[in-house]
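Trainee: Please take me through a close look at a single part of this model, with attention to how far the prediction can be read.

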Amino acid sequence: MERRFLIISVGVALALALSVLALNYYVDPFARHASADDGFDRRPAYTLNRRIVRMVAFDRWLDEHPGVSPSVIVGDSTGAQVDERLMSEITGEPWLNMSIGGGGLPEMAAIAEHLMQKTDLRRIVWFVPFTRMALDDQNDVPRALEMVEAPLKHMLTYETTKGSLLVLRATWFGVGFSDPTLDTGNTDAVTYQLSRIQTEMGGRPWPEAAMDEIRDLAERAAARGIPVTFVNPPLHPRTLAMLDEAFSERLKRYRAFFAGDCLLDFTGQVLEGRWKPE
């Protein structure tokens, strides 16, 4: 009886493992080997793990364009809004956007480090918003790189299986999995952002180690002949006024840090037009 129970248990476990493996290999939520026209809607997998999706896309692009040096955009959600296809059309050079929504300074540095190790880059445009100038040690990029470099190891993980199920749900039933939309009107949206920035930056120290790493990477890129342009994206006038009042010393330190660099600082510009919540 005990022997039969053991055999049945092992058989069931093996069957479940093989089923999960087959599901994840078939759906391939992070598009490691899938073609773009296989019919699956993989947008939910991007929301689930932006980092691995970006890394896989970068590796695939290099495989499809051997010997071509791309320019890259690195940053958080502000950089992610830049259209890489439009940049390529305007400049006549290949551009890849490697920004990740919610990415902190350590993750930006880890991505830039990885890209420089993988290939010879033409140039780097690095979005380093002032609103990220607070200590943040979270860095999920090393784990994402491990998932890219050892895909079979992660074919049975919960995250990959969840990604497969979300992709199937979106493909079969049209039920997506995306970031929530802040649609409370312009005034409320700006007020929310003000409160969020004050909470995230207030009382938190200057990110010394992360900024030193950014400086080191920029210097190594320059030594290899890779131009680096830093970008401080535009802010709503109310947000800028709050920063000038509540974080004036930190803002001066930020601008002093990039004083010798090519910094496109848009925070001092007044932009016309209706401000969207994002």
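What is the mean pLDDT of the protein, and what percentage of its residues reach 70 or more? With that settled, please concentrate on helix α6 (residues 105-118) and on what packs around it.

Mentor: The mean pLDDT (the predictor's confidence in each residue, from 0 to 100) is 85, and 91% of the residues of the protein reach 70 or more. This is a predicted model, in which local features need pLDDT of at least 70 and side-chain atom pairs 80 or more, whereas totals for chains, interfaces and linings use all residues. Residues are numbered from 1 along each chain as its sequence is written, and side-chain values use heavy atoms, without hydrogens or water. Among the elements, β2 has the highest mean pLDDT, 97, and helix α9 (residues 186-201) the lowest, 75.

The setting of α6 is an open sheet of five parallel-paired strands (DSSP runs of at least two residues, helices at least four; a pair needs at least two bridges), in the order β2-β1-β3-β4-β5. Because β2 (95-97) and β5 (262-265) each have a single partner strand, they stand at the edges, with one side of each lacking a neighbour in the sheet. From one strand to the next, the twist averages 20°. Strand β1 (residues 71-74) runs parallel to β2 and is joined to it by three bridges, and S71 has W95 of β2 as its bridge partner.

Onto this sheet packs α6, touching β1 and β3 (124-127) and making about 170° with the direction of β3 (angles run from 0 to 180 degrees between N-to-C directions).

Helix α10 (residues 208-223) lies across β3 and β4 (228-232), at about 145° to β4. Its axis is 9 Å from that of α6, and the two helices pack at an angle of about 20°, which makes them roughly parallel (under 35 degrees). The crossing is left-handed (the near helix turned anticlockwise from the far one by less than a right angle). Among the residues in contact (heavy atoms within 4.5 Å) are L105, A109 and M116 of α6 and M211, I214 and L217 of α10. Of the residues in this contact, 10 are nonpolar, none polar and three charged (Asp, Glu, Lys and Arg count as charged).

Helix α3 (residues 50-64) also approaches α6, the axes coming within 12 Å and crossing at roughly 15°, and these helices are therefore roughly parallel as well. Here the crossing is right-handed. R51, M55, F58, D59 and L62 of α3 meet E107, I111, H114, L115 and K118 of α6, a contact of five nonpolar, one polar and four charged residues.

Notes: Angles under 35 degrees count as roughly parallel, over 145 as roughly antiparallel, 65 to 115 as roughly perpendicular and the rest as oblique.
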